[in-house]
Amino acid sequence: MGDMKDDVNGPVVPEVVDSPALRTQPTGGLARWMLRHQVQPVGPAAGEGHAEPHAWWKVMCLTGVDYFSSLAYVPAIAALSAGAVSPLATLLIVALTLFGMLPMYRRVAKESPHGAGSVAMLEDLLPFWRGKLFVLVLLGFVATSWIITITLSTADASVHVVENPFFPQALHGHEVALTVALLLVLGGVFLLGFSEAVKVAIPLVAVFLALNAVVIAVGVAEVLSSPSAFSAWTDALFEGGGGWGGLAGPALLAFPLLVLGLSGFETGVSMMPLVAADGADDEQRLRSRIRNTRRLLTTAALIMSVYLLAASVVTTLLIPHEQFEPGGAANGRALAWLAHEHVGEAFGTVYDISTILILWFAGASAMAGLVNIVPRYLPGYGMAPEWGRAVRPVVIVYTALCVIITIAFDADVDKQAGAYATGILAMMVSGAFAVTVSVARHRRRATAVGFAVLTAILFYALLANIIDKPDGIAISGLFILGIIVVSLVSRVSRTTELRADRIVFDADARRFIHDTLAHDNAINIIANRRQAGDSAEYSAKEYEQRGTNPVPGPADVLFLEIDVVDPSDFSDTLTIRGVAVDGYRILRAEAPAAPNAIAAILLALRDATGIQPHCYFAWAEGSPLLHMFRYFLLGRGDTAPVTREIIRKHEPDPDRRPGIHVGG
C-alpha cells in the first residue's frame, strides 16, 4: 500500500461517464431518418416518448380506430350468436366494460404510466430468467393480438370493398392484393410519423361515429313508429318457454365472442407517452398524464357502451335473423345493412366507405401499440438489436410480417379469427391478473375479490375460445416460439457488448482513483470476487496477485468487485461505489454480468483519465464449456478471457486497450 497524497486538485474522474461502447453513427441521410425516433426503455425515461405529445382526445381517436371500428361487426356477431337475446348479451358486455375493464385499466394507467402496460406489472411477479421468459410469452400473445388485428381488420376492409355494389367488379377475387396494398399504405403513414397517424385517425373516427349516430337514430325512429317490431322481438324472446334462464343461456354463450370488442383498452395504456401532460416538473407531468389517460379510457368506454347497446337493439329488432346467417346481406355488417335499407343507397355507400377506411386504419391502433410496447422490452433485455428501439425500422418489420401473414392466410378473416381472439383474451386475462395481485398487495380485499372475479370471467372467455377455435392457440404458440428463438439468438450475439448505458462514480470512488494516480500516475486494479470481505481476504489477494502477475513492486493497487444481481438483465446504469476496509480501497458495482462491467469500467477510466488501466486476474478452475454456460446464464464464468475479448471488440487499437493480466 503506497502513501496517498493529499487531494489538492479534486477528483480527476467525472461523476458520470458516457458509455465507452463503440456506437456506429449513421452517416447517410436515409439512415439518420430511419433511426431518428427512438422508443424509450421501461422506466421514468419513457415519460417523454419518441413522438410529439397530443391532447388526450386526439390520442383517443388513434386508439379508437380499433375500438370504435368494432361497431362495424360486433352487432352482427351478437345477433348471429344470441339471436333475439342479442341486446341482453350486449348489455353484459357493457356492464363488463364499465364495471370491470374500465376500472382495471384505470388502475394499469396509474401503476404502469410509462407505456409498458400490464406487462410491466406482471414482470415484477417473477425474478430473474423466469420473469424474462414470462414477459416473452406475454409479448408473444401481444404480438399475436396486434399483428392479427392489423391483418384481420385490413382484410375485413377489403371484404367491405368487394361486397359494395358501387365498387368495380374487377376487384372480386383480388382480396389478397387489395389487402397487401392497404397494409403498405398503413405502414407508409407510420413511416411519416405518429403525428400523421393521429391526424388521419381524428376525421376517420369523427365521421364514422357521426354516420353511426344517424343510422342508429333512424333505426330507433323506425322501431318507435312500428310497434309490431317491438312486439315481434318480445315474442321471440320468450317463445322457447325457458323463462329468464332461457334468456341467460344464449347470452352467456355469445359472451366470449363479444369480449373481443374490448381490445382497445390495452392499446390505450400502451400509448400513454403520447398523451400530453402539464406540470412544472416530472412528477406533476406524470400525474397529469395519468389523469388524461384515465379521461381517454373513460370517454372511449362511455361512447362505445352507448353506441354498442343502441346498435344491438335496432339491428336485432329491424333485421330478419336469416340476414345474419353466412351468406346473408347483414352477416358481419349489420349497421351497414340498416344504412342501405333504411337511409338509402347513397348514404349506405358513404357509410361503407367510412367503414372501409376505419377498418383499414384500425390496424394503426395495433401498430401504435406494437411500436410503443415491444421495443421497450426486447432491446433492453439484449433480445433484439439496438436499432429495435427505432420506430421506423420496426414499422417496416411489422409491415413485412403483416404482408406475409396476409398472403399465408389468403386474406381470409375467418382463418385469422381464432388467433385474433386468443391473443386479445390472453392479454386481457394477464392484465386482470396483474391488477388483482397489485390490489391484493395493497390489502384492499374487497377490490381484489372483484378483480379476481373479472380475471375468472375473462379466463372463461379465453378457454371457450380455445375450445371453439384451437387453431388460435397454435398460431399464438408460433408467435411465442418465434419471439423466444429470435430473443435467444440476439442475446447470444450481443454477449460481448459493454452492456452499460452510462457509468457513475460516487465521491469515494473518484477520490480513490485520484489518489492512486497521484501516487504513481498509473491505475492498477486487482479483480476480486468477494467472499468474507475483510482485511485478511484483501491482504491475501494482493499477496497472491503480486506473486503471480506483473504488478509493479511499488505500485498502488485498487480492488474491483462486481456483484451480479440479476444476470437476466442486460444493460443499465453502472454505479461504482468506493468502499474502504482497513486501509484497502475497493471499487464495487452491481451489474448483470461481471466481465462486461469490468470492461466498461476499465474503458471508462481510460477515457476519463487518459491513463490505460491494468487489471489483474487469477485463472478460474473448471471446464471452459461450463464457464461459458455459467457466464451466459449467471453472469459469471472465466472472467479474464471474456473481459479481454469484450475490450478487444470495443477498442480496435491494441496500443490503447487496458491491460489484462492473468496469472496462477
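## Arg107 and its partner in helix H4

In this predicted model, Arg107 is a buried residue, because its relative accessible area is 11% and buried means under 20%. Arg107 takes part in a salt bridge with Glu111, and the closest N and O atoms of the two residues lie 2.7 Å apart. Glu111 has a relative accessibility of 30%, and is therefore classed as partly exposed.

Why can these two residues be described as separated by about one helical turn? Both belong to helix H4, which covers residues 86–111, and they stand four residues apart in that helix.

## Glu651 and its two arginine partners

Glu651 forms a salt bridge with Arg606, with 2.8 Å between the closest N and O atoms. This pair links distant parts of the chain, as 45 residues separate its members. Glu651 is located in the loop between helix H23 (639–650) and strand E8 (659–663), whereas Arg606 is part of helix H21 (residues 594–609).

Are these two partners buried or exposed? Glu651 is buried, with a relative accessible area of 6%, and Arg606 is likewise buried, at 8% relative accessibility.

Glu651 also forms a salt bridge with Arg656, where the closest N and O atoms are 3.0 Å apart. Arg656 has a relative accessibility of 39% and so counts as partly exposed.

## Salt bridges in the whole structure

How many salt bridges does the structure hold? The total is 15. Some residues are joined in a network of such bridges, made up of Arg530, Glu561, Asp563 and Arg588.

## The second largest pocket

The second largest pocket encloses about 950 Å³ of space. Its lining consists of 37 residues, and those closest to the centre of the pocket are Asp156, Asn331, Gly332, Val413 and Asp414.

Which helices each supply at least two residues of this lining? They are helix H3 (74–82), helix H6 (128–163), helix H7 (175–192) and helix H16 (413–441). Helix H6 gives the most to the lining, with seven residues.

When the lining of the second largest pocket is sorted by class, 17 residues are nonpolar, eleven are polar and nine are charged. Asp156 and Asp414, which are among the residues closest to the pocket centre, belong to the charged class, because Asp counts as charged. Val413, another of the residues closest to the centre, is nonpolar, because Val is assigned to that class.

Technical notes. Residues are numbered from 1 along each chain as its sequence is written. This is a predicted model: local features need pLDDT of at least 70, side-chain atom pairs count only at pLDDT 80 or more; totals for chains, interfaces and linings use all residues. Side-chain values use heavy atoms; hydrogens and water are left out. A salt bridge is a side-chain nitrogen of Lys or Arg within 4 Å of a carboxyl oxygen of Asp or Glu. Buried means under 20% relative accessible area, exposed over 50%, partly exposed in between (1.4 Å probe, protein chains only). On a 1 Å grid over the protein atoms alone, a cavity is a set of points where a 1.4 Å probe fits but cannot get out, and a pocket is an open set with protein on both sides within 12 Å along at least five of seven lines; lining residues have an atom within 4 Å of a point. Grid points are joined across faces, edges and corners, and a volume is the space filled by probe spheres set on the points.
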